[in-house]
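Subject: Structure handover

Hello,

Here is the structure I said I would pass on. My notes on it follow below.

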Amino acid sequence: MAKKTETGNAAVSQLSAQQKKYYDVLMRIREQVVRQMEFHSSEALVNNHNAGEKGMSTHMADLGSDNFLHDMELAMITQETDVLETIDESIERLVQGEGYGACQDCGCDIGHDRLMVKPYAKFCVKCKSIREKNGGMRPDFN
Ligand SMILES: [Zn+2]
């Protein structure tokens with residue numbers, strides 16, 4: 001069976017058509033991220049343990065590239081794990097009716113267009129860019 005979040009199907013059937021659309025996009029992206037993670041973790045393992053067995057990589061191992069590749073894959077897996085957590089949080093908020101689609105900093109609507117592109121967005125474009133300038137800190141509204 002496919003991996004499921006803890007949220008039951010009963011709650012999902014309560015969603016409005018609009019919310020169902022976000023839910024579908026979230027689940028689709030979630031699946032992509034899970035698949036990417038599986039790909040990267042198998043790649044990372046292959047590069048870690050069979051460095052000499054893959055034709056080109058013997059030569060590349062001499063240059064230290066395999067380690068570089070391995071580190072890069074681990075970094076991507078870490079990033080993907082973060083995204084997956086954020087996606088799961090978003091699904092949870094959507095299904096439980098806990099303010100999905102509202103910016104967690106200023107409370108305004110993140111907006112349909114942005115949500116269709118990035119359905120797990122937690123912040124509106126404005127707060128997101130403030131956070132980027134602040135090094136990830138919450139904007140100061142005072
Ligand atoms: Zn905001």
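The place to begin is the largest nonpolar core, which has 14 residues. Y22, Y23, L26, I87, I91, L94 and C124 are the members that touch the most others in it. Two elements, α2 (17-49) and α4 (65-96), each supply two or more residues to this core. The largest contribution is from α4, with 4 residues. The core is also shared across the domain assignment: at least three of its residues come from domain 1 (15-100), and at least three from domain 2 (101-142). As general background, nonpolar side chains in soluble globular proteins tend to be buried together.

Please keep in mind that this is a predicted model. The pLDDT averages 83 over the chain, and 78% of the residues reach at least 70. By element, the highest mean is 94, for helix α5 (residues 112-117), and the lowest is 49, for helix α3 (residues 56-62). At the start of the chain, residues 1-5 have a pLDDT below 50, and this stretch has 3 contacts in the model beyond near neighbours in sequence. Residues 52-58 also stay under 50, with 5 contacts beyond four places in sequence. Where pLDDT is low, the predicted coordinates should not be read in detail.

On the overall layout, the chain has 6 helices and 0 strands, so the order of elements from the N terminus is α-α-α-α-α-α. Of its 142 residues, 15% are buried. Among contacts with a separation of 6 or more, 56% are between residues 24 or more positions apart.

Some individual residues are worth opening in your viewer.

Y22, one of the core residues listed above, is in contact with L94, Y100, L115 and P119 once its neighbours within four places in sequence are left aside.

V25 lies in helix α2. With residues up to four places away in sequence not counted, V25 touches M116 and P119. P119 is thus a contact of V25 and also of Y22. V25 and M116 are 91 residues apart in sequence, and their C-alpha atoms are 7.2 Å apart in space. Is V25 buried, exposed or partly exposed? V25 is partly exposed, because 16 other C-beta atoms lie within 10 Å and a residue needs 20 or more to count as buried.

V95, in helix α4, is buried because it has 22 C-beta neighbours inside 10 Å. A10, in helix α1 (residues 9-13), counts as exposed because it has 8 C-beta neighbours inside 10 Å; the limit for exposed is 12 or fewer.

These two residues also form a pair across the sequence: A10 and V95 are 85 residues apart in the chain and 9.5 Å apart in space, C-alpha to C-alpha. For V95 and N9 the separation in sequence is 86 residues, and the C-alpha to C-alpha distance is 9.4 Å.

That is what I have on this model.

Regards

How values were computed. Residues numbered from 1 in each chain as written. Predicted model: local features only at pLDDT ≥ 70, side-chain atom pairs only at ≥ 80, totals over all residues. Core = buried A, V, L, I, M, F, W, Y, C linked by C-beta atoms within 7 Å. Domains from an automatic or database assignment. Contact = placed C-beta atoms within 7 Å. pLDDT = per-residue confidence, 0-100.
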